[in-house]
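Please look through the sequence and the fold shown here, and then follow the explanation below, which goes from the sheet to the cores and on to single residues.

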Amino acid sequence: MKGSRVAGLLLAAGQGARLGTPKALIEYEGERLVERGVRLLEEGGCHPVVVVLGAATVQVRGAVAVRNPGWASGMGSSLRVGLAALPPEAEAVVIALVDQPFVRPEAVRELIASRARLAVATYGGRRRNPVLVSRRDFAEVAELAVGDVGARAFMRARPELVTEVPCDGLGDPADIDTPEDLALLAPGGHSAAAAGTGPRGDDAAHPGSGSEAGTRGAG
């Protein structure tokens, strides 16, 4: 995808029911997760960056914010709203989730450098986020994004298009989904988990609500 224009799409509309607060508003290392997600995509080479909001209204610098009035219906509606908001000159989009603050810009760059039509980041051989989708597939991705399913349905329907991009060592796809997960955001919490001495250390890309990425939200 080198030489083409790749936009970024951050899905940040959820209520964070299990956390008791929208994930977009949670702070980590001096910035809200929504701001961190925008920076991830910007530094990874995406322009412009579109953020889909819903449960929380927040000003986000450096991004185009759109609201999903149907955010409560699940991630699929946010993906549809976000794809519809992308500028016509965007030839592809990298989709990321607001609740995965440990993914690094290098992973986004790897997806773009793959020049693939449909690319998904893998960690330890497991499909997670981010995900890159070519414009030619926007309509079908949107059509299949229903309920709390994002691009996963499209990848299952068109497996021959999927390019897996190993991103081991380029961050951690662990998501912040429960009050217990907040320990990962405490000083030293994530490094301890990665070393196997803290939460989720036994499986950074843990199974559960976040593991569907390239399967869950984006995928």
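Two parts are said to be in contact when heavy atoms lie within 4.5 Å, and angles between elements run from 0 to 180 degrees, taken between N-to-C directions of axes fitted to C-alpha atoms. In this predicted model, helix α3 lies across β1 (6-11), β6, β7, β8 and β9, and α3 runs at about 55 degrees to β8.

The strands beneath this description belong to an open sheet of 7 strands with mixed pairing, whose order is β5-β4-β1-β6-β8-β7-β9. At its edges stand β5 (64-67) and β9 (162-166), each of which has a single partner strand, so that one side of each is left without a neighbour in the sheet. From one strand to the next, the twist averages 25 degrees. Within the sheet, strand β7 (residues 118-123) and strand β8 (residues 126-134) run antiparallel and are joined by 5 bridges, and T122 stands opposite R127 in β8.

We turn next to the nonpolar side chains. In soluble globular proteins, such side chains tend to be buried together. The largest nonpolar core here has 40 residues, of which L10, V34, L41, C46, V51, V94 and L132 touch the most other members. Two or more residues of this core come from each of β1, α1 (33-43), β4 (49-53), β6, α3 and β7, and the largest share, 5 residues, is given by α1. For V51, leaving aside its neighbours within four places in sequence, the contacts are L10, A12, V34, V38, A63, V64, A65 and V66. There is also a second, separate core, which has 28 residues and includes V50, L83, L86 and L97.

Among the cysteines, C46 counts as buried at 4% relative accessibility, and C167 is buried with a relative accessible area of 0%. How many disulfides does a search of the whole structure find? The search finds 0 disulfides.

The aromatic rings offer a last point of interest, for the structure holds 1 aromatic pair. Y28 and F102 form this pair, which is edge-to-face, with 5.5 Å from centre to centre and 85 degrees between the planes. Because Y28 lies in strand β2 (residues 27-28) and F102 in the loop between β6 (92-97) and α3 (105-113), the pair ties together parts that are 74 residues apart in sequence. Y28 is buried, with a relative accessible area of 8%, and F102 also counts as buried, at 6% relative accessibility.

How values were computed:
Residues are numbered from 1 along each chain as its sequence is written. This is a predicted model: local features need pLDDT of at least 70, side-chain atom pairs count only at pLDDT 80 or more; totals for chains, interfaces and linings use all residues. Side-chain values use heavy atoms; hydrogens and water are left out. Rings of Phe, Tyr and Trp (its six-membered ring) pair if their centres lie within 6.5 Å; planes under 30 degrees apart count as stacked, over 60 as edge-to-face and the rest as tilted. Helices (H or I, at least four residues) and strands (E, at least two) are DSSP runs, numbered from the N terminus. Buried means under 20% relative accessible area, exposed over 50%, partly exposed in between (1.4 Å probe, protein chains only). Two strands pair if DSSP finds at least two bridges between them. A disulfide is a pair of cysteine sulfur atoms within 2.5 Å. A nonpolar core is a set of buried Ala, Val, Leu, Ile, Met, Phe, Trp, Tyr and Cys residues joined through side-chain atoms within 4.5 Å.
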